[in-house]
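Please work through the exercises below with the sequence and the model at hand, and try each task before reading its solution.

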Amino acid sequence: MNIKITLLSLMLLGCQALMGQTKENAPASQKGGFFTGWDVTARVGFNIGGTMPLGMPPSIRSLEKYDFKLNPAIGLDAEKMFDARWGLLAGIRLERKGMEIEAKVKNYHMTIVRGGESLTGQFTGYNHTTESQWMLTIPVCATLHVDKVRIFLGPYISYVTEREFEGYAFDGYLRVGDPTGPKVELGSTETERGSYDFADDMRRFQWGIQGGADWKISKHFGIYGMVEWGLNGIHKSSFHTIEQTLYPIYGTVGVLYYW
């Protein structure tokens, strides 16, 4: 929690500095050097989405449950216009991406801990996972202005400050080693099911593409929507316990404040 408060404080201090820069250069926002004439926007929104493979693998038979998490996204953007329509936008935001899911699986490769013993094999039954990431994200986007709408598209990079990826397998069985290995029955109580925690196997750095649109509805206020599509998996390349690469894919909606 302290690190999130510190990051948010740094963002607010940055906002004050950028506001002074913007106000000083506002009449000539499209003139002067590259470091003059930046217009500042604050964003407050919520992320909705999940961490998922590209395509449903045969081992995942059905999605039984999906719960949205409270995933806030708070950020600041500064935009430099190069002419009446085109510009460059850079920013920083503190955000959370998280979900809670339950799936029915068959012959799903995984590692669990049960009774203090680690078991690896093919699981058939139900799998419950909770995933959460707090991160600091820096986007750099090209912008196109059409009337009151600003369209933006570009890459982003994120540093993950807090990681969680844990869950349990229940109401099924694990074939240890391979599909013909010894059968271990898993029940539904805490002592009967198998648990896992892969937080330490998650990446610290993520990158991807974001795109969306801002709509300015008054002098100081607007609304926005965008999509963030992660291009590297949330787990390290050396992690092979889960067969599929899981990508963070989220949409964001929120409000804007223009200085």
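The exercises that follow concern a predicted model, and each task is followed by a worked solution.

**Exercise 1. The chain as a whole**

Task: State how many helices and strands the chain has, in what order they run, and what percentage of the residues count as buried.

Solution: Begin with the count, for the secondary structure comes to one helix and eleven strands. Next, follow the elements from the N terminus on, where the order reads α-β-β-β-β-β-β-β-β-β-β-β. Then turn to burial: of the 259 residues of the chain, 47% count as buried. The accessible surface of the chain comes to about 13100 Å², and carbon and sulfur atoms account for 62% of that area. Finally, consider the contacts with a separation of 6 or more, of which 75% are made by residues 24 or more positions apart.

**Exercise 2. The partners of strand S9**

Task: Find which strands pair with S9, and in which sense.

Solution: Start with strand S6, residues 149-176, which pairs with strand S9, residues 205-216, in the antiparallel sense over eleven bridges. Within this pairing, Phe152 stands opposite Gly212 in S9. Then look at strand S10, residues 221-230, with which S9 pairs in the antiparallel sense over nine bridges. Here Ala213 is the residue that stands opposite Gly225 in S10. As a last step, trace the connection between S9 and S10, which is a hairpin of four residues.

**Exercise 3. A network of salt bridges**

Task: Describe the salt bridges that Arg150 forms with Glu79 and with Asp214, and say whether these residues are buried or exposed.

Solution: First take Glu79 and Arg150, which form a salt bridge whose closest N and O atoms are 2.7 Å apart. Because Glu79 lies in strand S3, residues 72-81, and Arg150 lies in strand S6, this pair ties together parts that are 71 residues apart in sequence. Second, the side chain of Arg150 also meets that of Asp214 in a salt bridge, at 2.8 Å from N to O. Since Asp214 belongs to strand S9 while Arg150 belongs to strand S6, this second pair ties together parts that are 64 residues apart in sequence.

Third, check the accessibility against the cut-off, by which buried means under 20% relative accessible area. Arg150, with a relative accessible area of 6%, is therefore buried, and Asp214, at 1%, is buried as well. Glu79 is likewise buried. Fourth, widen the view to the network of salt bridges that links Arg43, Asp77, Glu79, Arg150 and Asp214. A search of the whole structure finds ten salt bridges.

One of the salt bridges joins the side chains of Lys65 and Asp67, at 3.6 Å from N to O. In this pair Lys65 has a relative accessibility of 33% and so counts as partly exposed, while Asp67, with 28%, is partly exposed too.

**Exercise 4. The surroundings of Ser59**

Task: Locate Ser59, decide whether this residue is buried or exposed, and list what it touches beyond four places in sequence.

Solution: To locate Ser59, look in the loop between strand S1, residues 38-52, and strand S2, residues 60-68. The relative accessible area of Ser59 is 8%, so the residue is buried. Leaving aside residues up to four places away in sequence, Ser59 touches Lys104, Val105, Lys106, Asn107, Tyr108, Glu243 and Gln244. To finish, compare sequence with space for Ser59 and Tyr108, which are 49 residues apart along the chain although their C-alpha atoms are separated by 5.3 Å.

Technical notes
Residues numbered from 1 in each chain as written. Predicted model: local features only at pLDDT ≥ 70, side-chain atom pairs only at ≥ 80, totals over all residues. Heavy atoms only, no water. Pairing = 2+ DSSP bridges. Helix = DSSP H or I, 4+ residues; strand = E, 2+ residues; numbered from the N terminus. Salt bridge = Lys/Arg side-chain N within 4 Å of Asp/Glu carboxyl O. Buried < 20%, exposed > 50% of the residue type's maximum accessible area, 1.4 Å probe, protein only. Contact = heavy atoms within 4.5 Å. Areas by Shrake-Rupley, 256 points an atom, 1.4 Å probe, with all protein chains shown as cover.
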